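Biologist: Could you walk me through how the parts of this protein model meet? I would like to know what stands behind each label you use.

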Amino acid sequence: MKLLSTKATCNSHGQDSSYFLGWQEYEKNPYDEVQNPKGIIQMGLAENQLSFDLLESWLAKNPDVAGFKRDGKSIFRELALFQDYHGLPSFKKALVDFMAEIRGNKVTFDPNHIVLTAGATSANETLMFCLAEQGEAFLLPTPYYPGFDRDLKWRTGVEIVPIQCTSTNNFQITESALQQAYEEAKNKNLKVKGVLVTNPSNPLGTTMSKSELNLLIDFIKDNKDMHLISDEIYSGTVFTSPSFISVMEILKERNDFKDFDADISERVHVVYSLSKDLGLPGFRVGAIYSENDMVVAAATKMSSFGLVSSQTQYLLSSMLGDKKFTKNYIFENQKRLKKRQKMLVNGLQKAGISCLETNNAGLFCWVDMRHLLNSNTFEAEMELWKKILFDVRLNISPGASCHCTEPGWFRVCFANMSEDTLNLAMKRLKDFVANSINGEGCSNNKKKTRSTQASRSFTKKSISNWVFRLSSRDHREQEER
Amino acid sequence: MGLEIEQEHPCVELSNIATSETHGENSPYFAGWKAYDENPYHEITNPSGVIQMGLAENQVSFDLLEKYLEEHSEASTWGKGGSSFRDNALFQDYHGLKSFRKAMASFMEKIRGNKAKFDYERIVLTAGATAANELLTFILANPGDALLVPTPYYPGFDRDLRWRTGVNIIPIHCDSSNNFQITLEALETAYKNAESMNMKVKAVLITNPSNPLGISIQRSVLEDILNFVTRKNIHLVSDEIYSGSVFSSHEFISIAEILESRQYKDAERCHIVYSLSKDLGLPGFRVGTIYSYNDKVVTTARRMSSFTLISSQTQHLLASMLSDESFTDNYIKVNRERLRKRYEMIIEGLKSAGIECLKGNAGLFCWMNMSPMLESNTREGELKLWNEILNEVKLNISPGCSCHCSEPGWFRVCFANMSEETLELALKRIRDFMNNKDRKDIGI
């Protein structure tokens with residue numbers, strides 16, 4: 001019996017991937033400075049832990065807000081009853097102002113065009129439900145966030161067709177790659193409903209160039225059925241030049257220069273969230289921004305399935321409404337991210353490892369370990385990943401899990417740990433590389449045995465399968481965006 | 001409602017789901033809202049405005065919650081120093097805060113007078129029961145399949161169960177001949193009905209206590225339903241979001257109790273939906289849960305809940321509140337008592353106006369019988385009366401047809417979302433309306 005739906009029994013949630021092993025191992029043996037200094041250091045988690053003190057100090061200065069008070073009066077009742085899917089007006093206003101501020105106020109957003117959702121996870125899925133039918137497809141540049149396989153495809157039945165990007169041009173999107181993806185979809189009889197990009201990119205940690213953005217807009221301009229979704233959840237993490245250019249800016253520019261097909265603005269949609277910029281993934285605050293009334297109307301109704309807690313909306317309306325706070329936060333947060341990234345880059349350099357040179361955003365680096373591979377294959381990438389997991393005891397994300405076409409690239413996070421922990425991670429890596437260069441792999445036989453044992457049970461599972469699986473974990477679901 | 005932008009160009013197509021009407025928001029049920037929004041009653045500023053009686057909210061026990069918060073500021077803050085805020089802000093684990101799940105399980109047990117046990121590991125958290133019901137539908141049924149739902153039912157189900165899932169609702173028709181109880185015959189008829197339309201029936205979904213009836217399901221009926229789903233080898237979803245609003249503690253029987261009495265035989269086909277929106281009056285906080293006796297459903301639901309997690313800030317608050325036994329014991333008792341009082345008030349008031357209601361024992365509303373007042377015993381007759389009540393009596397109540405009731409003339413009237421004074425006023429207006437009707441009838 002107990003027949004469940006196809007959705008429930010299929011694998012599109014992606015959590016059976018062998019990549020899960022990394023998380024499992026981490027959980028069995030998590031690093032702790034005092035309790036477990038030899039444990040595995042988590043570097044696969046794109047969390048921003050650098051600026052909590054700023055949030056905590058604001059909370060301390062504004063104790064009434066968390067206590068459901070406004071101007072000294074309790075608004076608990078009002079908030080407890082507020083379930084209007086249009087969202088708290090004061091929060092939407094504060095949020096769009098924040099979004100504009102992040103973009104240097106070069107564009108503004110209309111609060112009536114914002115739809116609040118329980119996280120960007122929900123926002124992305126909702127857009128798929130609104131824009132595509134089951135069996136239709138969206139094009140996504142690789143490498144991309146592994147969670148998309150679940151978020152965009154699982155319950156919606158929508159397909160993803162990759163736009164293959166390569167290191168030859170720092171993984172930028174090219175016209176030929178775009179066309180190729182489109183052709184591939186056609187050959188598979190998949191109707192393409194649009195393109196979804198993450199800008200700044202996860203896992204690359206780079207901002208998209210003006211020409212890339214224009215390329216995308218030109219692409220959907222010519223195909224009237226298509227939409228462009230720009231997931232800009234890392235927009236506040238751009239820490240060095242080139243500065244962030246939102247797709248909304250490009251639209252505005254083209255409008256100003258009369259190179260404007262008014263219809264395009266109805267087919268471009270932005271996704272945002274406070275999980276990365278503000279480091280609040282637990283609060284589930286996501287948003288869809290669209291100039292298309294119908295999309296806003298449909299998405300608003302759909303948001304009933306994933307509303308943001310009014311308690312949280314109120315807290316954040318107050319915090320983000322404090323312009324002095326937001327100005328300082330944005331600036332300080334970026335400063336700290338820049339410093340951290342530099343630490344990671346320098347540490348990697350000392351180990352003879354380089355990162356994508358265009359890395360200017362995000363909570364991670366896209367690291368080039370191709371020279372450490374035994375062969376230019378994904379099998380070799382997995383072997384290296386396992387070594388780094390078991391011997392170096394660092395959990396990092398292999399490029400294959402992000403659908404990267406070139407083996408040897410890894411995403412390494414830097415903002416979810418202390419400076420000391422980061423330094424330790426770099427030291428371990430340096431030692432590992434030094435030993436590898438000196439010949440026979442691990443310094444410790446015991447470790448090697450354990451690694452080999454785990455390898456064996458690991459390899460029992462089909463290799464080709466896991467390469468294309470997504471990498472969500474079961475035990476403690478920490479989004480690794 | 002949003003900016004009006006002139007649509008000069010042919011609109012780019014959205015998905016069928018986006019453009020379909022299955023969100024159900026064009027039904028008359030929502031038209032009443034419009035009338036209310038345009039002319040809302042206010043004791044001082046608009047005393048002749050429309051009184052909202054179509055909103056099943058529980059506003060009678062906020063003082064208890066407010067008192068708790070005042071005395072326990074740690075629930076709404078994160079304490080001084082330490083990593084409390086940080087940990088909470090980072091916590092996005094779809095298992096949910098353990099302390100919250102435990103508190104929830106314990107609260108659910110208390111509501112059922114400890115007659116059933118709940119294992120916190122089987123609790124899946126979702127942003128409201130709206131999400132829980134949709135999620136379960138995604139898990140239990142494929143597009144084109146059917147769920148059997150007894151009528152009359154909550155209008156929102158049309159959207160929650162069908163819209164994005166593509167699943168159909170086949171009604172199990174209940175009528176006043178036996179106080180709208182679900183019968184085996186009605187179940188069989190509905191099942192055959194679905195079959196005749198080539199739909200695979202995947203589950204029966206009941207709301208217990210019922211919305212809009214305001215009555216809890218009898219033990220024998222629950223046993224019958226359980227036997228039925230077992231025979232047909234399908235699932236049973238019991239939406240028990242009003243379980244804490246049963247006026248008398250011993251009257252509510254949860255499916256959990258029945259299952260326990262059967263030593264959990266065949267329990268894997270059963271799933272319970274709960275929420276704090278009604279019992280605690282916190283719809284804005286988006287707190288729903290799925291409790292399933294089926295491991296695969298728990299695992300899958302948990303993964304799917306990624307799309308609809310509860311804010312960790314809110315989990316933290318409620319973990320504190322619901323694990324405080326002296327608070328919960330008192331709340332459950334007092335809330336129940338106040339709802340019972342309100343219910344008696346409205347029943348008396350309606351009776352004195354010559355209107356009968358279904359004998360209810362739960363919920364935030366009563367199921368009122370106005371069929372004797374209908375000009376014609378039809379849906380049109382009912383809507384005509386509804387319009388009259390909306391526009392002349394200035395009360396927004398819910399017509400039975402919006403709940404898919406097969407008998408015209410029944411209305412759901414909420415009583416817990418306003419002050420006692422406002423309720424008195426509403427009852428007075430009804431009395432006046434009925435008196436005038438009488439006079440018209442006898443030609444005065």
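Biologist: How much area do domain 1 of chain B and domain 2 of chain B bury between them, and what share is on carbon and sulfur atoms?

Modeller: This is a predicted model, and in it the two domains of chain B bury about 3,200 Å² between them, with 58% of that on carbon and sulfur atoms. The area is called buried because it is accessible area that the two parts lose on being put together.

Biologist: Where do the domains of chain B lie along the chain?

Modeller: Domain 1 of chain B is made of 28-63 + 329-434, and domain 2 of chain B covers 78-327. Their C-alpha centres lie 26 Å apart. The contact takes 31 residues from domain 1 of chain B and 38 from domain 2 of chain B.

Biologist: Why is the meeting of B:Lys110 and B:Asp329 called a salt bridge?

Modeller: Let's set the value against the cut-off. The side chains of B:Lys110 and B:Asp329 come to 3.0 Å, N to O. The limit for a Lys or Arg nitrogen and an Asp or Glu carboxyl oxygen is 4 Å, so the pair qualifies. The count between the two domains of chain B is one salt bridge.

Biologist: Which elements supply the side of domain 1 of chain B that touches domain 2 of chain B?

Modeller: Helix H13 (325-352), strand E10 (365-369) and strand E13 (410-414) of chain B each supply at least two residues of that side. The largest share, nine residues, comes from H13(B). By class, this side of domain 1 of chain B has 16 nonpolar, nine polar and six charged residues.

Biologist: Let's turn to chain A. How many salt bridges are there between domain 1 of chain A and domain 2 of chain A?

Modeller: The count there is zero salt bridges. The rule does find 21 residue pairs in polar contact across that interface, both residues at pLDDT 80 or more. A polar contact is a pair of N or O atoms within 3.5 Å, with one able to donate a hydrogen and the other to accept it, so it can be counted without a salt bridge.

Biologist: What makes up the side of domain 1 of chain A that touches domain 2 of chain A?

Modeller: Helix H14 (323-350), strand E12 (364-368) and strand E15 (409-413) of chain A are the elements that give two or more residues to it. H14(A) gives the most, with six residues. The residues of this side of domain 1 of chain A divide into 14 nonpolar, 14 polar and six charged.

Biologist: And between the chains, what makes B:Glu66 and A:Arg77 a salt bridge?

Modeller: Their side chains meet at 3.5 Å, N to O. That value is within the 4 Å limit, and Arg brings the nitrogen while Glu brings the carboxyl oxygen, so the name fits. The count between chain B and chain A is one salt bridge.

Biologist: How many residues does the contact take from chain B and from chain A?

Modeller: It takes 82 residues from chain B and 86 residues from chain A. Together the chains bury about 7,500 Å², 59% of it on carbon and sulfur atoms.

Biologist: Which helix gives the largest share of the side of chain B that touches chain A?

Modeller: First, 19 residue pairs are in polar contact across the interface of chain B and chain A, both at pLDDT 80 or more. On the side of chain B that touches chain A, the largest share, seven residues, comes from H6(B). That side has 36 nonpolar, 28 polar and 18 charged residues.

How values were computed
Residues numbered from 1 in each chain as written. Chains lettered and ligands numbered in written order. Predicted model: local features only at pLDDT ≥ 70, side-chain atom pairs only at ≥ 80, totals over all residues. Heavy atoms only, no water. Domains from an automatic or database assignment. Contact = heavy atoms within 4.5 Å. Buried area = accessible area lost by both parts, 1.4 Å probe. Helix = DSSP H or I, 4+ residues; strand = E, 2+ residues; numbered from the N terminus. Nonpolar A, V, L, I, M, F, W, Y, C, P; charged D, E, K, R; others polar. Polar contact = N/O pair within 3.5 Å; in protein donor to acceptor, adjacent residues only side chain to side chain.
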